[in-house]
Amino acid sequence: MSPRTETTLRIVAPVVVGLLVLGAWQFLVSVVGVSDYLLPSPASIIEEFVAYWPSIVEATILTGTNALIGLVAGSILGILLAALAARWRAIDHMSAPVVASLAVVPIVALAPVLNSMFGADSQFGRQAIAALASFVPVFLNTLRGFRQTAPVHRDLMKAYAATSGQVLRTLTLPTARPFILTGIRIASSLAVISALVAEYFGGPRGGLGALISTSAASSAYARAWAYVVASIFLGLLFYLVTLGLERLLQPHAGRGGAR
C-alpha cells in the first residue's frame, strides 16, 4: 500500500464509520421508535446546535479557557517538580505520596469544595481542578523522561566539566522531551473533562458542563446533546493541537511518541 493510499484510508475510514453510526442512530429513533428521552435523533440535535449556536460558542470559549489555563499551569508545575524530583532523591520520595493522592482525588468531591471556597463568581476552582488533572500525567511522564538519560552520557558530560545547566540543556531535556510532550497530550483531554465536570457542581453559570446539566434538568435532551457535541469538539481540538505540537517539536520521532 502506497503512503498516499494509506493516508487516504486513514481519513476516509473514520468518516465512513461515523456516517454509518449516524445512520444507525437515526434509524433507531425514526424507525424503531426509541424515545427522545433515551436518545434524541441526530437531526434534532443538529437543529438545536444551529439554533443555540451563539450560546454554544460562548460556553465553549469559557470552558476552553478554564481548561487551557489549567493545562498550562498543571504542565508547568509538573515539569518543574519532576525536574526537582529527578535531581534530588529526597524530593522524589516526598512527592511520590502527594502525586499518588492527587491521582485518585475524585473531581465530584473536590469541585463543590473549591467552588465554595472561591465564591460563586470565580472560575478559579474549575481552573484549579483542570490543573490538578493535568499535573499528574505531565509529572509522571516527565520524571520518567528525565530518568532515561544513560549514565555513560552523564559521565561524559562530567568529564568535559559541564555545568548542571549545560547538562540539563544539552542532555536531559532533549532526552525527556518526547515524554514531556506525551504527558501534555494526555493531560489535554483530562483538562477538558475536568473543567466540564467541575461545572456541574456550582460556580458561575455559562460553561458547557453547566448548560448540559441545565438542559437535561429541563428535559431539553436534544439541546443537552448539542452541548455534548460541542464538548467533544473542544476535547478533540485540545488533543489535535497538542498532537500537532508534538509532531512539530519531534518531527523525526515515531508516530506513537513516548509511551
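Start by selecting Phe139. This residue is buried, with a relative accessible area of 3%. The model you have open is predicted.

**Stop 1: the Phe135 and Phe139 rings**

Keep Phe139 selected and add Phe135. Phe135 is buried too, at a relative accessible area of 7%. Now show helix H6, which covers residues 124-146 and holds both Phe135 and Phe139. The two residues sit four apart in sequence, about one turn of the helix. Look at the rings of Phe135 and Phe139. They form a stacked aromatic pair, with 5.7 Å from centre to centre. The angle between the planes is 20°, and planes under 30 degrees apart count as stacked.

**Stop 2: the Phe49 and Trp53 rings**

How many aromatic pairs does a search of the whole structure find? The search finds two. For the pair not yet visited, select Phe49 and Trp53. Their ring centres are 5.6 Å apart. Their planes meet at 45°, so this pair is tilted. Turn on the surface and check each partner. Is Phe49 buried or exposed? Phe49 is buried, with a relative accessible area of 17%. That value falls below the 20% limit for buried residues. Trp53, at 46%, is partly exposed.

**Stop 3: Glu48 and Arg223**

Move on to charged side chains. The salt bridges in the model come to two. Select Glu48 and Arg223 for one of them. Their closest N and O atoms are 3.5 Å apart. Which helices do they come from? Glu48 lies in helix H2, residues 42-51, and Arg223 lies in helix H10, residues 221-249. The pair therefore ties together parts that are 175 residues apart in sequence. Arg223 counts as partly exposed, at 24% relative accessibility.

**Stop 4: Arg185 and Glu246**

Stay with helix H10 and select Glu246, then add Arg185 from helix H8. Their side chains meet in a salt bridge, with 2.5 Å from N to O. Helix H8 spans residues 164-198. Because one partner is in H8 and the other in H10, this bridge ties together parts 61 residues apart in sequence. Check the accessibility of both ends. Arg185 counts as buried, at 9% relative accessibility. Glu246 counts as buried as well, at 7%.

**Stop 5: Thr182 in helix H8**

Keep helix H8 on screen and select Thr182, which is found there. What does the side chain of Thr182 reach? Add Pro178 and show its backbone. The Thr182 side chain reaches the backbone oxygen of Pro178 at 2.9 Å. Thr182 counts as buried, at 3% relative accessibility.

**Stop 6: the whole chain**

Clear the selection and switch to a cartoon view. The secondary structure comes to ten helices and zero strands. Colour the chain from the N terminus on, and the elements run α-α-α-α-α-α-α-α-α-α. Next, colour by accessibility. Of the 259 residues in the protein, 37% are buried. Show the full surface. The protein exposes about 14,700 Å², and carbon and sulfur atoms supply 71% of that area.

Last, turn to contacts. Take those between residues at least 6 apart in sequence. Among them, 73% join residues at least 24 apart. For examples of links across the sequence, go back to the salt bridges. Glu48 and Arg223 tie together parts 175 residues apart, and Arg185 and Glu246 tie together parts 61 residues apart.

Terms used:
Residues are numbered from 1 along each chain as its sequence is written. This is a predicted model: local features need pLDDT of at least 70, side-chain atom pairs count only at pLDDT 80 or more; totals for chains, interfaces and linings use all residues. Side-chain values use heavy atoms; hydrogens and water are left out. Rings of Phe, Tyr and Trp (its six-membered ring) pair if their centres lie within 6.5 Å; planes under 30 degrees apart count as stacked, over 60 as edge-to-face and the rest as tilted. Buried means under 20% relative accessible area, exposed over 50%, partly exposed in between (1.4 Å probe, protein chains only). A salt bridge is a side-chain nitrogen of Lys or Arg within 4 Å of a carboxyl oxygen of Asp or Glu. A polar contact is a pair of N or O atoms within 3.5 Å; within protein, one must be able to donate a hydrogen and the other to accept it, and residues adjacent in sequence count only if both atoms are side-chain atoms. Contact means heavy atoms within 4.5 Å. Accessible areas come from the Shrake-Rupley method with a 1.4 Å probe; for residues, only the protein chains shown count as cover.
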